[in-house]
Amino acid sequence: MQHSKEERVHKVFENISQNYDKMNSVISFQQHKRWRKTTMDIMKVKKGTKALDVCCGTADWTIALAKETGPKGVVKGLDFSKNMLKIGEEKVKSLNLKQVELIHGNAMELPFEDNTFDYVTIGFGLRNVPDYLRVLQEMHRVLKPGGMAVCLETSQPTMIGFRQLYYFYFRFIMPFFGKIFAKSYKEYSWLQESARDFPGMKELAELFKQAGFENVTYKSHSGGVAATHFGFKPKN
């Protein structure tokens, strides 16, 4: 099961990489940028720090982190889709962000030493991995003691009525958008499946705790269609 999910997801992202940024904006009605900005405001990333963006895709969040850490910072972006990374590389190059390195790798086995980063982020990527807890544990491992882990992800809206509308949208409208804009009906119907099966906010907060994080909090966005979770690696 694990293997087939990994292969399927890999294929999806290799296929939709060219249209991914455009589609993200269409699907979330441009909201994903606002959610990320709110998240960054809460994070208050310090200059000269080290950050890792897991499942970085086309590197938008990686770039946002690099702008905050400044040229003295170190920012790594990791993804298992080479096609997505290629688009990310072009963005990084055009912005001349020398502190950024994009790496082809697996979120389930991060190729970094323990206690390396001040911040580890994952944006709209956790729902695509075979084992959520394993990835959170890996994020915990590579964080320095006192470091912050942040996950921005689709969630399960809690408002009655709105919830039903959301599922209808994800199930029927979104794959249709995929077909029109990216000619990828199959791939976008996978994205709605992975979003539908993803844990709600409280369950994900529990997984953060299971992975060893403390002071776990979360912020709901747009009626609960997305949420950001924050957790800290204990200092001792």
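**A nonpolar patch, two cores and a buried arginine**

Phe168, Phe172 and Ile173 together make a nonpolar patch of about 290 Å² on the surface of this predicted model. Phe172 belongs to helix α7, which runs over residues 162–182. Its relative accessibility is 48%, so Phe172 counts as partly exposed; the range for that class lies between 20% and 50%.

The patch is one part of a wider surface. The protein exposes about 11,400 Å², and 55% of this area is supplied by carbon and sulfur atoms. Of the 236 residues in the protein, 57% are buried. The secondary structure consists of nine helices and seven strands. Among contacts with a separation of 6 or more, 73% are between residues 24 or more positions apart.

The interior comes next. The largest nonpolar core has 32 residues, and those with the most contacts inside it are Met40, Met43, Trp61, Leu65, Val100 and Leu102. Helices α3 (31–43), α4, α5 (82–94) and α7 each give two or more residues to this core, as do strands β3 (100–104), β5 (143–154) and β7 (226–232). Helix α7 therefore appears twice in this account: it contributes to the core, and it also holds Phe172, whose 48% relative accessibility makes it partly exposed. A second core, separate from the largest one, has 30 residues, including Ile103, Ile122, Val135 and Leu136.

Met40 shows how part of the largest core is put together. Leaving aside residues up to four places away in sequence, Met40 touches Val45, Trp61, Ala64, Leu65 and Glu68. Trp61, Ala64 and Leu65 are among the buried residues of α4. That helix spans residues 60–69 and is mostly covered, with seven of its 10 residues buried. Thr62, Ile63, Ala66 and Thr69 are also buried in α4. Just after the helix, Gly70 has a positive phi of about 80°.

Burial is not confined to nonpolar side chains, as a loop residue shows. Arg127 lies in the loop between β4 (117–123) and α6 (132–142). Its relative accessibility is 8%, and because the cut-off for burial is 20%, Arg127 counts as buried. What does the side chain of Arg127 contact at 2.8 Å? The partner is the side chain of Glu153, in a polar contact. A further polar contact, of 3.4 Å, joins the side chain of Arg127 to that of Thr154. Strand β5 covers residues 143–154, so both partners, Glu153 and Thr154, fall within the range of that strand.

Technical notes: Residues numbered from 1 in each chain as written. Predicted model: local features only at pLDDT ≥ 70, side-chain atom pairs only at ≥ 80, totals over all residues. Heavy atoms only, no water. Helix = DSSP H or I, 4+ residues; strand = E, 2+ residues; numbered from the N terminus. Buried < 20%, exposed > 50% of the residue type's maximum accessible area, 1.4 Å probe, protein only. Contact = heavy atoms within 4.5 Å. Areas by Shrake-Rupley, 256 points an atom, 1.4 Å probe, with all protein chains shown as cover. Polar contact = N/O pair within 3.5 Å; in protein donor to acceptor, adjacent residues only side chain to side chain. Patch = residues over 30% accessible without salt bridge, like charges linked within 9 Å, V, L, I, M, F, W, Y side chains within 5 Å. Salt bridge = Lys/Arg side-chain N within 4 Å of Asp/Glu carboxyl O. Core = buried A, V, L, I, M, F, W, Y, C linked by side-chain atoms within 4.5 Å.
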